[in-house]
Amino acid sequence: MEDELDSKYLVRRLIEEGTKDDDALANKLNDSRFVALADAFDFEPVITRKTQEEGFAETVLVRYEERVRANLAQTLTEPDYVADPDYAALFAAQVEENLEISRAYFTENIGRITSAEELLLDPELRQVATTAFDLGDRARSTTLLRRALEEDPAEATALSNVLNDKNLRAFSMAFAFYETETSTVLQTEGFASNITEQFRWQRFEDAVSDVDEAIGAALKFQRSLPELAANDLSETAKWYNVLGSTMMREVFETALSLPDGFSQIDLDKQVEVISDKARQRFGIETFSDLQAPKTLNGIIQSYLLQDQISQSGAFGSQQIALTLLSTIRYDRDRS
């Protein structure tokens, strides 16, 4: 985006609006560079909770299952169960089955819980949580549980301290809804190294382009297409991004031998034609197929060959170019 270096207003709008909304500037302009910039520099604050930490579900489930099995063992000592072993075995098997169901549900859903209210409104999650910490009759009081979850046990006035209830205190500390950690993607581990790596490769590709524009374009294509293919955008939106990128459009149009003036026809018709030609020529049924190295290399080879033909150049240099691209991709994947 060197050509936009002085366009501070444009860059600021791209970053601030992001890409979530359809009417965001990055989406309207149909330029994959703008979308990539907006996605990379996402300043939207993200609040993370302990419930979203890796391994959180397991810490609660271990306590829950120990408590349920302890209660089961106690129940099976009662005369009615001792007198009827078959019924006792059936009951124990049902309890174990219920544990499996609860484990699956808790593991799948606890990560979406970001507040005490959300936890308490889900009967199954609430039941696992309160049983795990052996809260007894207190588990029935939504008001009490909510206060306990939202008040920091480090404070003397916290309800868990006022009631002098160690189980309630452990319950509060485990979920810690009183703690909030706010950050942006720029503060995540690896963000800086990823940007510098992108910068290094961009500079390398630019240097190659100064020597041979076709090879430079092929390098950029080789790096950019798999990223676009892996994006959550719709099929049509991805093809719009291709047509909105000078480099991607050039590679596809050349590889597919599309006629001069193709870019002048209706945009929707362009998408229809280019996607249909890509399917016929390279077997691209969905855009995600472009993540496959074989498919990607097939497009690049066709592009370089067509470029050589159009320039009436020597075909020997084309083989050198393909070897260079293959070596670069191999080395980069290894790193």
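Modeller: A polar contact is a pair of N or O atoms within 3.5 Å; within protein, one must be able to donate a hydrogen and the other to accept it, and residues adjacent in sequence count only if both atoms are side-chain atoms. This is a predicted model, where local features need pLDDT of at least 70, side-chain atom pairs count only at pLDDT 80 or more, and totals for chains, interfaces and linings use all residues. Residues are numbered from 1 along each chain as its sequence is written, and side-chain values use heavy atoms, with hydrogens and water left out.

Colleague: What makes D122 a cap of α8?

Modeller: A side-chain oxygen of D122 lies 3.1 Å from the backbone nitrogen of E124. The limit is 3.5 Å, so the distance fits. The capped end is the N-terminal one.

Colleague: Why is α8 called a helix?

Modeller: Helices are DSSP runs (H or I, at least four residues), and strands are E runs of at least two, both numbered from the N terminus. Helix α8 covers residues 123–132. The protein has 18 helices and 2 strands. After α8 comes D134, with a positive phi near 50°.

Colleague: What makes α8 mostly covered?

Modeller: Buried means under 20% relative accessible area, exposed over 50%, and partly exposed in between (1.4 Å probe, protein chains only). In α8, 7 of 10 residues are buried. They are L125, R126, V128, A129, T130, T131 and A132.

Colleague: What do the buried residues of α8 pack against?

Modeller: Their partners are α4 (56–75), α6, α7 (116–121), α9 (142–150) and α11 (166–175). Contact here means heavy atoms within 4.5 Å.

Colleague: Why is N109 called buried?

Modeller: Its relative accessible area is 13%. The cut-off is under 20%, so N109 counts as buried. N109 lies in helix α6, residues 85–109. Its side chain reaches the backbone oxygen of Y105 at 2.8 Å. That is within 3.5 Å, so the distance fits a polar contact.

Colleague: How much of the whole protein counts as buried?

Modeller: Of its 335 residues, 38% do.

Colleague: What makes the lining of the second largest pocket rich in charge?

Modeller: Asp, Glu, Lys and Arg count as charged; Ala, Val, Leu, Ile, Met, Phe, Trp, Tyr, Cys and Pro as nonpolar; the others, Gly among them, as polar. The lining divides into 6 charged, 3 nonpolar and 2 polar residues. Among the lining residues are E16, K20 and D39. Helix α1 (8–17) and helix α3 (32–40) each supply at least two. α1 gives the most, with 3 residues.

Definitions and conventions. On a 1 Å grid over the protein atoms alone, a cavity is a set of points where a 1.4 Å probe fits but cannot get out, and a pocket is an open set with protein on both sides within 12 Å along at least five of seven lines; lining residues have an atom within 4 Å of a point.
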